[in-house]
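Open the structure in your viewer and keep the sequence panel visible. The tour goes from one selection to the next and says what is found at each stop.

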Amino acid sequence: MIDVKNLPDYVTEPLTDFSNDENVKAYKAALEKVNATLGTDYPLIIGGERVTTDGKITSYNPANKSQIVGTVSKSNIELAEHAMQVADAKFDAWSKTPAEERAAILLRAAAITKQRRHEMSAMMTLEAGKPWIEADADTAEAIDFMEYYARQMLALKDGKAVKSREGEHNTFEYRSLGVGVIISPWNFPFAIMAGTTVAAVVAGNTVLLKPASTTPVIAYKFMEILEEAGLPAGVVNYIPGPGGEVGDYLVDHPRTRFVSFTGSRDVGLRINERASKVHEGQIWIKRVIAEMGGKDTIVVDKEADLDLAAESIVKSAFGFSGQKCSACSRAVVVEDVYDEVLEKVVKLTNELTIGDPQDFLNFMATVIDEAAFKKITGYFDIAKQEGRIVAGGTADDSTGYFVNPTVVADVAPTARLMQEEIFGPVVAFAKAKDFHEALNIANNTEYGLTGAVISDNEDHIAQAKQDFFVGNLYINRGCTGAIVGYQPFGGYNMSGTCSKAGGPDFIGLHLQSKSISTALR
C-alpha cells in the first residue's frame, strides 16, 4: 500500500551509472529480452479490451531498417468513435474518484517502471534509436512525471484559499475537464507520452492516447504498466492510427474537451485551428495544450569558459542526433572568440562515435526514419550555399538512417539554416560583433523554447535573463536536459502554449475551477 498522506518530498530519479559493470550487464540483458520480442503483434486497448485490426502500423528499428520491432493494430474512425464513447462514459466515475486514489495509481506505475527500467529503455534503443544514456534519461523522466504529478494533484485536491465575509463561506475548488486526446511524439516516446497521459489522468480526466506511428510499441508497454498499477479500464484507451484520419476526427469531435499535443509547429497550428471550431453538440471551448518545437541558440560571450562553451554546443546539438525540440541548432559567438570556439567544436564533433545504439560506446546513432533522413540531408546543399561545412555533411542509409554530426560555419543570422527547424544533427554558427548583437540574433526566430548563455560577465548574464526571449534559459550549461520539477519546460511564440510540463502549473491546465459561496444562516 502507498501512503499518499506521508509521501517523501519529490526528488528526481537518478540516472543509471553505466560505469558500474552490473548496470551494463543489466542493460545488455534487457536488450536481449527485448530483441527476443521482435515482430510481436500488439492490439488496440479500448475499455480494457484488446482489439485486433487487419490494418497495421509497422514499427521498424531505425538503426536496422529491415528489422521489425513490432506491428500494432491500426485504429480507424469507427474504433476512435467507440473509444470516445467508452472514455466519455467512464469520465463521471473517474472524475469523482478521490484524488488520493488517482495519485496512488501513478505512484504504483512509477514503482513498476523502476522495476522494468532497463526493459523500457532497451525498447527505446531499438524502436527509437536511442543510445543507452538517452534512453535511460527518457525512462527516468517518465518516472519523474508520475511521481511529480501525483504530488501536484494532492496539493490541488482541496482547492485554494479565498476570503469569506461575515455571513458567508466561500471555497475555490477544482473540477476535471472531460475526455482528452493525447497526441504524443516519437522523440521522447516514453517520457512525454507518459507525462502528458498521467497529468490528464491524475486530474480526473479520461484519455484517448494516440502515440506516434514510429514508436507505438513503447506506448503499448506503458499501457501494460498502467493496467498492472490498477488503472480502471477505459480511463486510458490506446488507439494508434493515422493523424490525418483518426487524429483529425478526435480533434474535431464535439465530446473532446481538450487536446494535449507535442510535435511540429505546422501540425500544432493545424490542431489549434481545428480545435477552435465549434461542432454540433459541442458545449465548450476546447482547450489546447501544445509544445511545438524550437530553433534554439547557445550564445557565447567573449568573457567565457570556451571549453565549456564547446562542450555545451556539441552535447546540446548532437545528443540523440539533434532530435530534440530543445537541441542547439544555432551557435551565436562574439567575434573575439568565434574562431577559437568553432575550432574546439569541430575537434569535439570529429571525436564523436556514431553507430548502432545497442553498442554503449556509440554516442550518436540514427535519425528516426527515411523522411527525417531525406529532410536533414537535404539541408547539406543549403549549407554549402549559406556557409562552410567544417564537420560532417555526410550520411549513410544503407543499413539504418545514420547522419553524421554536421557543423556549418559563417552563416548569416537570417539564413535558412538559422531560421528553419531541421530536427537533426546540424548546428549553424553565426558571428556577432558584441554580446548585445548576439542576443538580438538569438531572438530573431519565430520560436522561443530554450536558449543558453556561456559568459563570465555578470552584467551580460543579467541582460540575458531579462532580454533572451525563451521559456527555458540556461546559464553556463547546455540548452537541453530539463528536469521535471526543477526546470519546468515549455516555450514562447511558435514553440507552443508555454504549458511548462513538469512544473507547478501543468496539472491546472487539465482542470477547471469552481467558486462556491454559501450563505450562513
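What follows is a walk through a predicted model, stop by stop.

**Stop 1: salt bridges**

The structure has 29 salt bridges. Start by selecting K114 and E13, whose side chains form a salt bridge with an N to O distance of 3.8 Å. K114 belongs to helix 3, residues 99-115, while E13 is in the segment before helix 1 (21-35), so this pair ties together parts that lie 101 residues apart in sequence. Are the two partners buried or exposed? K114 counts as partly exposed because its relative accessibility is 37%. E13 has a relative accessible area of 17% and is therefore buried, since the limit for buried is under 20%.

Next, select E228 and R116. These two form a salt bridge as well, and their closest N and O atoms are 2.1 Å apart. E228 sits in helix 7 (residues 216-228) and R116 in the loop between helix 3 and helix 4 (117-127); the pair links distant parts of the chain, 112 residues apart. With 46% relative accessibility, E228 is partly exposed. R116 is partly exposed too, at 25%.

The third pair to select is D410 and R388, a salt bridge with 2.8 Å from N to O. Here the link runs between the loop that joins strand 17 (406-409) to helix 14 (416-419), where D410 is found, and strand 14 (residues 388-391), which holds R388; the two are 22 residues apart. D410 is partly exposed at 36% relative accessibility, and R388 is partly exposed at 42%.

To finish this stop, select E13, K114, R117, D136, E147 and R151 together. Salt bridges with shared partners join these residues into one network.

**Stop 2: backbone at D410 and F423**

Stay on D410 and look at the backbone. D410 is not a glycine, yet its phi is positive, at about 60 degrees. Now move to F423, in the loop between helix 14 and strand 18 (426-432). F423 also has a positive phi of about 60 degrees, and is not a glycine.

**Stop 3: the cavity**

Keep F423 selected and add the other residues around the cavity. How many cavities of 30 Å³ or more does a search of the whole structure find? The search finds one. The largest cavity holds about 70 Å³ of space. Its lining consists of G294, K295, D296, G322, K324, C325, A327, S329, E421, I422, F423 and G424. Colour these by type to see that the lining divides into four nonpolar, four polar and four charged residues.

**Stop 4: rings**

Now show the aromatic side chains. There are 19 aromatic pairs in the structure. Select Y10, F145, Y148, Y149, Y486 and F506, which ring pairs link into a cluster.

Two further selections place a charge over a ring. In one, K130 lies over the face of F320, at 4.7 Å from the ring centre. In the other, the charged end of K431 is over the ring of Y338, 4.8 Å from the centre of that ring.

**Stop 5: two distances along the chain**

For the last stop, select D41, which is in strand 1 (residues 40-42). At 36% relative accessibility, D41 counts as partly exposed. Add V72 to the selection: how far apart are the C-alpha atoms of D41 and V72? They are separated by 5.7 Å, with the two positions 31 residues apart along the chain.

Then select D305, in the loop between strand 12 (296-300) and helix 10 (306-318). D305 has a relative accessibility of 38% and so counts as partly exposed. Add Y379, which is 74 residues from D305 along the chain. The C-alpha atoms of D305 and Y379 are separated by 31 Å.

Technical notes:
Residues are numbered from 1 along each chain as its sequence is written. This is a predicted model: local features need pLDDT of at least 70, side-chain atom pairs count only at pLDDT 80 or more; totals for chains, interfaces and linings use all residues. Side-chain values use heavy atoms; hydrogens and water are left out. Rings of Phe, Tyr and Trp (its six-membered ring) pair if their centres lie within 6.5 Å; planes under 30 degrees apart count as stacked, over 60 as edge-to-face and the rest as tilted. A charge sits over a ring if NZ of Lys or CZ of Arg is within 6 Å of the ring centre and within 35 degrees of the ring normal. A salt bridge is a side-chain nitrogen of Lys or Arg within 4 Å of a carboxyl oxygen of Asp or Glu. Helices (H or I, at least four residues) and strands (E, at least two) are DSSP runs, numbered from the N terminus. Buried means under 20% relative accessible area, exposed over 50%, partly exposed in between (1.4 Å probe, protein chains only). On a 1 Å grid over the protein atoms alone, a cavity is a set of points where a 1.4 Å probe fits but cannot get out, and a pocket is an open set with protein on both sides within 12 Å along at least five of seven lines; lining residues have an atom within 4 Å of a point. Grid points are joined across faces, edges and corners, and a volume is the space filled by probe spheres set on the points. Ala, Val, Leu, Ile, Met, Phe, Trp, Tyr, Cys and Pro count as nonpolar, Asp, Glu, Lys and Arg as charged, and the others, Gly among them, as polar.
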